[in-house]
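Student: Could you take me through one part of this model up close? I'd like to see what it packs against and how it begins and ends.

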Amino acid sequence: MKRMLVAVLAALSLLVTGCQSSTESGATKTTRKQLLLVPAEAVNQQSAQAYRQTLVKAQRARRLDTTSPDAKRVLAIAQRLANQVSVFRPDATSWKWEVNTIKSDEVNAFCMPGGKIAVFTGIIQKLNLTDDELAAVIGHEISHALREHSREKVSQQLLQQGAITLVGIATGSQIQQGMAALISQYLFALPYSRTMETESDIMGLELMARAGFNPEAAPNVWRKMAKLQKGAPPQFLSTHPSDQTRIANLEKALPTVKPLYEAAIQNRG
Ligand SMILES: [Zn+2]
């Protein structure tokens, strides 16, 4: 009985400490209390492992692109964006950021928790992305990582499974193993919510503006995406639904981030 009580208390303390915002709000005031039950380290560890597997697979298929002009653009743009993350969370400056370009027709890009970025050449080529547009895509993906949306998705899923599972996670005898299994089960399987998408759109917009990329390019990416969707829907859209609201929200935030962009290009000289 006493053990049970300890278990419940542990679960409750997890719940209490679990409600926080993963980031500072920035100029665009992107903030919200989030349910973050599972430890960040566990999520980041699983992500690093999955990222490594993706790279090994790409390398074996000779699809890891380190030399093309597109790969160089991806790296340079991602670096400029990553240099701005301290506005939202200072700790992210010490993340082990990685940026890779994968040769593939897939219209896709992602940033796994902890700053593991991958861009598929398909999204650059099929959407004919300019540097500013590519910055919008990568900035959006980086924002999912800064906001810890994956950790939040997994936490929400575990909570839905009920307190018993939660108690099991908090105090079970094979805590780490069980946690790792649960995290990997849901980490990449669940889509982001509409709220998460909006947050990443707006935070990404601020990031790109601060890095000196023209934020007006961001709504354009979604217009291009919508056009492309008329054929076969690209993979990117299965996790990032495109719609008019999204474009309208981005345009509404433009006046807030424009001065940041102007200041940034002035500084770059
Ligand atoms: Zn997204």
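**A close look at helix α5**

Tutor: Let's start where the helix stops: α5 is followed by Glu148, and the phi of Glu148 is positive, near 55 degrees. Keep in mind that this is a predicted model. Glu148 isn't a glycine, yet it has that positive phi of about 55 degrees. You'll find Glu148 in the loop between α5 and α6. Is Glu148 buried or exposed? It counts as buried, because Glu148 has 24 C-beta neighbours inside 10 Å, and the cut-off for buried is 20 or more.

Now go to the other end of the helix. Asn128 sits in the loop between α4 (121–126) and α5. Asn128 also has a positive phi, near 50 degrees, and is a residue other than glycine. Its surroundings are another matter: Asn128 has 8 other C-beta atoms within 10 Å, so it is exposed. In short, the loop before α5 holds an exposed Asn128, and the loop after it holds a buried Glu148.

Between those loops runs α5 itself, residues 131–146. Does its length fit a regular helix? What span should its 16 residues have at 1.5 Å a residue? They should span 22 Å, and the end C-alpha atoms are 22 Å apart, so the two agree. The helix is mostly covered, with 14 of its 16 residues buried. For some background, 43% of the 269 residues of the chain count as buried.

Val137 is a good residue to zoom in on. It is found in α5, and it counts as buried because 26 C-beta neighbours lie inside 10 Å. Set aside the neighbours within four places in sequence, and Val137 is in contact with Ala109, Ile123, Leu129 and Val221. One of those partners, Val221, belongs to α10, where it is among the buried residues, together with Ala217, Ala218, Pro219, Trp222 and Met225. Val137 also lies 9.0 Å from Asp201, C-alpha to C-alpha, although the two are 64 residues apart in sequence.

Asp201 leads us to α9 (residues 194–210), whose axis comes within 7 Å of the α5 axis, the two crossing at roughly 120 degrees. That angle makes α5 oblique to α9, and the crossing is right-handed. On the α5 side the contact is made by Ala135, Ala136, Gly139, His140, Ile142, Ser143, His144 and Leu146, while α9 brings Met196, Glu199, Ser200, Asp201, Met203, Gly204, Leu207 and Met208. Sorted by class, that gives 8 nonpolar, 6 polar and 2 charged residues.

A second helix to look at is α3 (residues 69–82), whose axis comes within 9 Å of α5 and crosses it at roughly 55 degrees. α3 and α5 are therefore oblique to each other, and this crossing is right-handed. Here Arg73, Val74, Ile77, Ala78, Leu81 and Ala82 in α3 meet Asp131, Leu134, Ala135, Ile138, Gly139 and Ile142 in α5. Those residues divide into 9 nonpolar, 1 polar and 2 charged. If you compare the lists, Ala135, Gly139 and Ile142 appear in the contact with α9 and again in the contact with α3.

Follow α9 onwards and you reach α12 (residues 244–268): their axes come within 8 Å and cross at roughly 20 degrees. α9 and α12 are therefore roughly parallel to each other. α9 passes α12 in a right-handed crossing. From α9, Thr198, Asp201, Ile202, Leu205, Glu206, Ala209 and Arg210 meet Arg246, Asn249, Leu250, Ala253, Val257, Leu260, Tyr261 and Ala264 of α12. By class, the contact has 9 nonpolar, 2 polar and 4 charged residues. Asp201 turns up here as well as in the contact with α5.

Last, back past Glu148 to α6 (residues 149–160): its 12 residues should span 16 Å at 1.5 Å a residue, and the end C-alpha atoms are 16 Å apart, which agrees. The buried residues of α6 are His149, Ser150, Arg151, Glu152, Lys153, Val154, Ser155 and Leu158.

Note on methods: Residues are numbered from 1 along each chain as its sequence is written. This is a predicted model: local features need pLDDT of at least 70, side-chain atom pairs count only at pLDDT 80 or more; totals for chains, interfaces and linings use all residues. Axes are lines fitted to C-alpha atoms, for helices over the stretch in contact, and angles run from 0 to 180 degrees between N-to-C directions. Helices (H or I, at least four residues) and strands (E, at least two) are DSSP runs, numbered from the N terminus. Angles under 35 degrees count as roughly parallel, over 145 as roughly antiparallel, 65 to 115 as roughly perpendicular and the rest as oblique. A crossing is left-handed if the near helix is turned anticlockwise from the far one by less than a right angle, and right-handed if clockwise. Two residues are in contact if their C-beta atoms, placed from the backbone, lie within 7 Å. Ala, Val, Leu, Ile, Met, Phe, Trp, Tyr, Cys and Pro count as nonpolar, Asp, Glu, Lys and Arg as charged, and the others, Gly among them, as polar. A residue is buried if 20 or more other C-beta atoms lie within 10 Å of its own, exposed if 12 or fewer, and partly exposed in between; C-beta atoms are placed from the backbone. The expected span of a helix is 1.5 Å times one less than its number of residues.
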